[in-house]
Amino acid sequence: MTNRINSFSPLDPTSSEPIYRQLYWRFRGAITDGVLTPGERIPSARALAKELGLARGTIDTAYSLLTAEGYIQSRGQAGTVVAPGINVRPPSSAAERAFSSAEGTSIRHKAQVLPFQMALPALDAFPRKIWSQIGARCVRATQIADMANPSVYGLESLRTAIATYLQVARGITCSPSQVFVTSGYRNTLLLVAHALLKPGDRVLVEDPGYLPTRQLLEHLQIEVAPVPVDQDGMRVTQGVNSSKDARAAVVTPAHQSPLCVSLSLPRRLELLEWATRQQAWIVEDDYDGEYRYISRPLPALKSLDRDGRVLYAGTFSKVLFPGIRLAYLIVPQAQVERFEHIGQTFLGGCPELTQAIVATFVTEGHFARHIQRMRKLYGERREATARGLKKALGNHIRIDAQPGGMHLILRLTEQQSDRSLVERLLQAGIYAEALTDWSICGTTDSALLLGFANIDSEETAEQLGKRILELM
């Protein structure tokens with residue numbers, strides 16, 4: 001019995017959930033999963049407290065909850081047992097078993113993070129202790145007024161912190177009033193579309209390019225004009241010549257998504273000149289511009305904008321964690337009033353407590369230090385992952401040389417469908433995305449997109465590479 005108790009997922013003293021609740025969920029999960037069977041004796045509170053190094057009262061509280069809900073029964077000197085006759089249905093599928101596994105013993109049920117999963121930062125390296133300490137402070141400092149509806153534009157302290165950070169890190173000069181906090185990139189792009197575009201307008205997008213951009217614009221009945229990408233980024237001349245009436249362009253100039261090339265300075269200037277001449281708009285999606293490994297991060301395209309034509313979209317999902325659901329948009333000063341008006345309709349307001357935690361995290365310097373650490377860590381993990389995959393896959397793949405970003409591009413040297421391979425990998429529990437799915441015109445070669453931020457070593461990458469080879 002003790003061995004099975006020790007096999008439960010470990011208690012997390014840094015979690016915001018009390019230890020007694022963690023114990024409660026672990027026992028309840030073990031009972032509902034059939035690990036502990038009806039009538040089976042469980043350790044006494046005294047014995048378990050000694051085993052886990054916890055206070056007796058913590059165990060008593062957890063056992064009281066389980067008893068009140070009918071999961072366990074006390075039999076005096078005979079000890080405490082799992083309630084006889086409790087009707088437990090064992091999971092009938094792999095998906096259900098995964099759902100009710102160790103992660104499922106928390107009130108927040110989460111899907112498993114797969115190897116090579118895209119758009120995920122290094123979750124194992126996030127400073128959770130500092131984050132939880134700041135969170136506790138912000139909770140204690142909560143006033144009655146803070147519990148009312150949040151501003152749809154964003155918490156003032158966070159808007160100020162973002163404006164200050166962008167001035168130093170990305171070369172963008174803006175006031176807090178130009179910063180609009182959103183719930184993610186889609187929310188950001190939706191706000192831009194409603195404020196500046198209308199159905200029937202044409203927008204230049206990169207090809208291959210970020211799929212949700214195309215999907216959202218098409219859903220709004222905005223025409224998408226694909227523009228090819230080469231080693232210098234979007235082919236601006238080709239794009240503006242083929243779509244002379246375009247009203248906007250959506251670009252990822254720091255690290256083109258998904259090819260990770262950078263938009264060259266001549267093309268940046270050409271794009272800005274076009275926008276000024278045509279009174280068009282440029283949406284700069286700077287989703288992970290901080291992570292460049294061969295030199296300092298490039299200044300944002302917005303930093304070159306002298307005519308107020310660039311809207312800068314940033315996010316905390318890639319630099320902190322996706323579950324935070326916070327992003328932001330910097331609009332030209334002349335458009336602030338317009339966006340405030342549209343924001344009243346299309347921005348719902350993000351949780352103020354979360355914004356307060358992020359604002360404190362930034363202003364106290366933790367954000368800048370975290371990015372510096374991650375830049376070094378990602379450079380190391382990228383090299384280690386590439387070496388491990390190359391060892392396992394050899395001449396079957398060619399890995400693109402990229403200046404930055406958070407994923408690798410594995411070109412398939414043998415004639416096969418990247419989409420079919422991705423399906424086989426997902427069935428085997430390995431995440432990948434097919435490059436051809438990111439293309440509009442279908443001119444892209446077969447390749448796999450693999451996130452490396454959560455691959456902890458060359459050995460791990462090599463073992464995963466061997467599994468990929470088996471499925472090719």
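## Helix α7

Helices here are DSSP runs of H or I with at least four residues, numbered from the N terminus, and the expected span of a helix is 1.5 Å times one less than its number of residues. By that yardstick, α7 (residues 156-169), with 14 residues, reaches 20 Å from its first C-alpha to its last, close to the 20 Å expected. Just after α7 comes Gly 171, with a positive phi near 70 degrees.

This is a predicted model, where local features need pLDDT of at least 70, side-chain atom pairs count only at pLDDT 80 or more, and totals for chains, interfaces and linings use all residues. Residues are numbered from 1 along each chain as its sequence is written, and side-chain values use heavy atoms, leaving out hydrogens and water.

## What α7 packs against

Which residues of α7 are buried (under 20% relative accessible area, 1.4 Å probe, protein chains only)? They are Leu 158, Arg 159, Ala 161, Ile 162, Ala 163, Tyr 165 and Leu 166. An α-helix has 3.6 residues a turn, so residues three or four places apart point the same way.

The partners of those buried α7 residues are strands β4 (179-182), β10 (310-315) and β11 (327-330), plus helices α13 (352-363) and α14 (366-393).

## The whole protein

Zooming out, the protein has 16 helices and 15 strands, a strand being a DSSP run of E with at least two residues. Its C-alpha atoms fill a box of roughly 85 × 60 × 40 Å along the principal axes. Of the 472 residues, 50% are buried.

Terms used
Contact = heavy atoms within 4.5 Å.
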